[in-house]
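Subject: Structure handover and what turned up in it

Hi there,

Here is the structure I promised to pass on to you. Please open it in your viewer first, and then read on with the residues at hand.

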Amino acid sequence: MGDGLSILGFSGSLRRGSVNTAVLAELGRLSPKGVALQLADYRELPHFDPDLGEVEAVERLRTQVHHADAVLIATPEYNYSIPGPLKNALDWLSRPAYKSVFAGKPVGVLSASPSPVGGARAQQHLKTTLFGMVARIFPHPEVAIGGASDRIKDGRVVHEGTRQSLARYIAGFVAWAPRQRH
Ligand SMILES: Cc1cc2nc3c(=O)[nH]c(=O)nc-3n(C[C@H](O)[C@H](O)[C@H](O)COP(=O)(O)O)c2cc1C
């Protein structure tokens, strides 16, 4: 399974040295042959404002999501929820409501945080948002990486148990995602 699957990854963190970006990179390395994981760049998006009409950076991102077979989002938790820039990107991409590029799109959600909770609250909020966008949400296994600054160093997942969880996650995800296509 997984042959020819293109995945677009969104890191909820814009900072260099992000553990969540590192999680996506690790998932890319752990992916079976034939799976291509590319990272989305959404830092140029303006604040959501429908009065802006068609925004080139939004349209480019929308096209990337449209062409991806599946999406993976790894996010930190900011004040018990998801980071503003990520929510802003999702708000742009969520239009037209219920018929956006995310409608029916297979999406996997992960989180990583230095705290013991591992961003689980943000992950739950993100799933609620994606539910509102009628995306198909990968239900199981769930991965919320606590103590992330000890487990992920210099962009690499150095904790073997975490690597194994990620390997199980990506194997399950690439088997599940193609089955969600209409
Ligand atoms: C504004 C802000 C709010 C934060 N709130 C939380 C929080 O509610 N829960 C949590 O576990 N970590 C919180 N943190 C810590 C982040 O999880 C951590 O700094 C970092 O962003 C981890 O992800 P990254 O390495 O991918 O950037 C917060 C950090 C910032 C900057």
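Below are my notes on the charged pairs, the nonpolar cores and the aromatic rings. Please keep in mind that this is a predicted model.

**Charged pairs**

The count of salt bridges comes to eight. A good place to start is Glu26, which pairs with Arg29 at 2.9 Å between the closest N and O atoms. Both residues sit in helix α1 (residues 19–30), three residues apart, or about one turn of the helix. Glu26 is buried, since its relative accessibility is 2% and buried means under 20%. Arg29, in contrast, is partly exposed, with a relative accessible area of 39%.

Glu26 also has a salt bridge to Arg163, and here the closest N and O atoms are 2.7 Å apart. This pair links distant parts of the chain: Glu26 belongs to helix α1 and Arg163 to helix α6 (residues 160–176), with their positions 137 residues apart in the count. Arg163 is partly exposed, at a relative accessible area of 29%.

Elsewhere, Glu59 and Arg62 meet in a salt bridge with an N to O distance of 3.1 Å. The two are three residues apart in helix α2 (residues 56–67), about one turn of the helix. Glu59 counts as partly exposed, at 24% relative accessibility. As for shared partners, salt bridges join Glu26, Arg29, Glu160 and Arg163 into one network.

One more charge is worth a look: Arg121 lies over the face of Tyr80, 3.7 Å from the ring centre.

**Nonpolar cores**

In soluble globular proteins, nonpolar side chains tend to be buried together. Which residues touch the most other members of the largest nonpolar core? They are Phe10, Phe102 and Leu130, in a core of 28 residues. At least two residues of this core come from each of β1 (5–11), α2, β3 (70–75), α3 (84–93), β4 (106–112) and α4 (120–132). The largest share, five residues, is supplied by α3.

If you centre your view on Phe102, leave aside its neighbours within four places in sequence. Phe102 is then in contact with Val65, Val71, Leu90, Leu93, Val107, Leu130, Met133, Val134 and Ala135. Another core, of 26 residues, lies apart from the largest one, and its members include Ile7, Ala22, Leu27 and Phe138.

**Aromatic rings**

Seven aromatic pairs were found in a search of the whole structure. In one of them, the ring centres of Phe138 and Trp176 are 5.1 Å apart and the planes are at 50 degrees, so the pair is tilted. Phe138 is in the loop between β5 (136–137) and β6 (143–145), while Trp176 is in helix α6, so the pair ties together parts that are 38 residues apart in sequence. Both rings belong to buried residues: Phe138 has a relative accessible area of 4%, and Trp176 has 10% relative accessibility.

Tyr169 and Phe173 make a stacked pair, because their planes are at 15 degrees, with the ring centres 6.4 Å apart. These two are four residues apart in helix α6, about one helical turn, and both are buried. Together, Phe138, Tyr169, Phe173 and Trp176 form one aromatic cluster.

Happy browsing, and all the best!

Methods:
Residues numbered from 1 in each chain as written. Predicted model: local features only at pLDDT ≥ 70, side-chain atom pairs only at ≥ 80, totals over all residues. Heavy atoms only, no water. Salt bridge = Lys/Arg side-chain N within 4 Å of Asp/Glu carboxyl O. Buried < 20%, exposed > 50% of the residue type's maximum accessible area, 1.4 Å probe, protein only. Core = buried A, V, L, I, M, F, W, Y, C linked by side-chain atoms within 4.5 Å. Contact = heavy atoms within 4.5 Å. Phe/Tyr/Trp six-rings, centres within 6.5 Å; stacked < 30°, edge-to-face > 60°. Lys NZ or Arg CZ within 6 Å of the ring centre and 35° of its normal.
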